[in-house]
Amino acid sequence: MLNIKKIRRDFPILKRKIYGHPLVYFDNAATTQKPQKVIDTINKFYIYSNSNIHRGAHYMSDEATISYEKVRASVKSFINSKHLEEIIFTKGTTDSINLVASSFGRLIISEGDEIIITIMEHHSNIVPWQMICEEKKAKLLTIPINDKGGMLFDEFEKLLSIKTKFIAITHVSNTLGTINPIKKIINKAHLFNVPVLIDGAQAVAHTKIDVQDLDCDFYVFSAHKMYASTGVGILYGKEKWLNEMPPYQGGGSMIKSVNINKSIYSELPHKFEAGTPNIAGIMSIDPAILYMEDVGLHEIEDYEHQLLEYATQEIMKIKGVSIIGIMDDKTSILSFIVDGKHPSDIGIILDKLGVAVRTGHHCTEPLMRCLNISGTVRASFAFYNTFQEVDIFINAVKLAIKMLN
Ligand code: PLP
């Protein structure tokens with residue numbers, strides 16, 4: 001059992017009122033709220049030890065470098081990577097995918113090759129691959145889904161061929177909540193010697209990740225969706241690939257030496273970390289991981305699942321509501337549409353009642369087209385949410401439908 005009262009006290013923003021109503025924050029798939037310890041870490045950095053890292057110029061710079069590199073070790077253990085050098089700090093999931101597409105994509109993709117994604121990908125895991133396909137005259141293939149929002153594994157098997165050079169798949173769909181069978185996909189892909197990138201943006205705060213057990217080639221995620229700062233994220237990559245890959249960006253910190261005609265690049269991980277990073281943001285990842293581990297990843301998963309089941313059961317009682325994404329294997333994302341009502345109209349009324357949800361295509365336009373809808377209302381839960389909040393949300397949806405009738 002989680003001590004939700006205590007947990008909620010740790011997230012100051014949850015005390016807010018919106019239009020006079022207590023905030024019900026159900027937009028956790030967009031970004032999660034931050035516990036006090038994360039906020040304190042960011043503040044403390046600027047109040048006590050603001051310095052640039054990896055310069056070794058003075059005491060505070062060394063102190064900042066040690067704290068920054070400690071985060072790399074925390075992330076390594078959080079996702080169980082084999083080597084510290086396999087953890088690259090980026091600006092987020094989008095940046096991590098662009099790094100892999102630009103660097104690895106350019107290295108391995110040639111004319112006539114094929115890259116496989118699913119139809120449920122976030123735009124971040126579509127557009128970078130489109131760009132590399134356009135540049136290299138390669139083809140982007142998509143795995144379709146069934147009526148429940150589950151990926152069709154046999155269709156994936158049909159798409160795999162000697163032309164397949166890369167696979168990029170979301171672990172969890174940000175629109176449907178579907179958890180994809182990534183281990184099975186990775187195993188199958190490796191039989192064809194095809195490397196696989198997993199977009200873990202919607203998974204990492206909800207389930208335990210073990211990159212060695214998954215045997216994925218790349219795993220990417222954003223810190224802001226796991227209770228830490230915006231603007232920072234992680235690229236995990238197998239050392240053998242990262243060593244082969246050329247740098248993504250050039251500049252300070254990623255070089256050993258620079259001659260006007262040629263530069264020698266740094267070793268991993270610095271080869272991929274050009275320029276001054278968001279130091280405080282990266283430092284905020286450490287307390288966020290500690291917080292989640294303190295609560296317990298299994299306990300989080302369990303509790304969020306109960307919230308999802310309760311919300312699903314209650315929303316299904318409302319006439320005219322259809323849930324989009326009804327696979328058994330789901331994280332705490334509840335997407336729905338209401339007969340004859342526009343998702344954004346519902347969202348506006350919910351907002352006025354203090355309930356924060358997201359409406360629209362959720363950056364998954366190809367999925368929306370495939371489902372033949374323009375958008376959904378999406379409620380997404382975190383472990384600080386409560387069953388009482390689900391009740392408030394359900395009543396708000398009922399009221400919104402009544403008002404729109
Ligand atoms: N992939 C998925 C599945 C997402 O849900 C998101 C954001 O919502 C992203 C990628 C992009 O994340 P970011 O905007 O943090 O780079």
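1. Let's settle one term before anything else: a residue counts as exposed at over 50% relative accessible area and as buried at under 20%, with partly exposed in between. Arg369, at 60% relative accessibility, therefore counts as exposed. Keep in mind throughout that this is a predicted model.

2. Arg369 has a salt-bridge partner in Glu365, with 2.9 Å from N to O. Glu365 is partly exposed, its relative accessible area being 30%. Both residues belong to helix α14 (residues 365-371), where they sit four residues apart, about one turn of the helix. The spacing makes sense, because an α-helix has 3.6 residues a turn, so residues three or four places apart point the same way.

3. Helix α6 (residues 153-159) offers a similar story, this time with a spacing of three residues, about one turn of the helix, between Glu155 and Lys158. Their closest N and O atoms are 3.0 Å apart, and the pair forms a salt bridge. Glu155 is partly exposed at 25% relative accessibility, while Lys158 is exposed at 59%.

4. Now for a pair that reaches across the chain. Asp27 and Arg378 form a salt bridge, with 3.6 Å between the closest N and O atoms. The two are 351 residues apart: Arg378 is in strand β17 (residues 376-380), and Asp27 is in the loop between β3 (24-25) and α2 (36-49), so the pair links distant parts of the chain. Are these two partners buried or exposed? Arg378 is buried, with a relative accessible area of 1%, and Asp27 is buried as well, at 13%.

5. To put those pairs in context, the whole structure has 16 salt bridges. Some charged residues are joined in a network of salt bridges, namely Glu69, Arg72 and Glu273. Glu273 will come up again when we get to the cavities.

6. Helix α5 (residues 127-136) is worth a look from end to end. Its residues Pro128, Trp129, Ile132 and Cys133 are buried. These four sit on the same side of α5, because they cover an arc of only 135° around the axis. Turned away from that buried side is a face carrying Met131 and Glu134, which are exposed. What covers the buried residues? The cover includes helix α4 (93-108) and the strands β5 (114-118), β6 (139-143), β7 (164-170) and β8 (196-199). Just after α5 comes Lys137, with a positive phi near 60°.

7. The largest pocket holds about 380 Å³ of space. It has 16 lining residues, of which Thr41, Lys44, Phe45, Ser67 and Met283 are the closest to its centre. Which helix gives the largest share of the lining? That would be α2, with seven residues. At least two residues each come from α2, α3 (59-79) and α11 (285-295). Sorted by class, the pocket lining has seven nonpolar, three polar and six charged residues.

8. There are also two cavities of 30 Å³ or more in the structure. The largest cavity has a volume of about 70 Å³. Its lining is made by Asn52, Ile53, His54, Arg55, Tyr68, Ser253, His270, Glu273, Gly275, Thr276 and Pro277, and divides into three nonpolar, six polar and two charged residues. Glu273, from the salt-bridge network with Glu69 and Arg72, is among the lining residues here.

9. The second largest cavity has about 40 Å³ of space. Around it are Asn28, Ala29, Gln202, His206, Thr331, Ser332, Ile333, Ser380 and Phe381. How many charged residues does this lining have? It has no charged residues, but three nonpolar and six polar ones.

10. A few backbone spots deserve checking by eye. The Leu268 to Pro269 peptide bond is cis, with omega near -5°, and Pro269 is in the loop between β12 (263-265) and α10 (279-283). Ser253, one of the residues lining the largest cavity, has a positive phi of about 75° although it is not a glycine. Ser253 is in the loop between α9 (239-244) and β11 (255-258) and is partly exposed, at 25% relative accessible area. Asn372 also has a positive phi, about 60°, and is not a glycine either. Its place is the loop between α14 and β17, where Asn372 counts as exposed at 71% relative accessibility.

How values were computed
Residues numbered from 1 in each chain as written. Predicted model: local features only at pLDDT ≥ 70, side-chain atom pairs only at ≥ 80, totals over all residues. Heavy atoms only, no water. Salt bridge = Lys/Arg side-chain N within 4 Å of Asp/Glu carboxyl O. Buried < 20%, exposed > 50% of the residue type's maximum accessible area, 1.4 Å probe, protein only. 1 Å grid on protein atoms, 1.4 Å probe; cavity = no way out; pocket = protein on both sides within 12 Å on 5 of 7 lines; lining within 4 Å. Points joined across faces, edges and corners; volume = space filled by probe spheres on them. Nonpolar A, V, L, I, M, F, W, Y, C, P; charged D, E, K, R; others polar. Arc of directions from axis to C-beta. Contact = heavy atoms within 4.5 Å.
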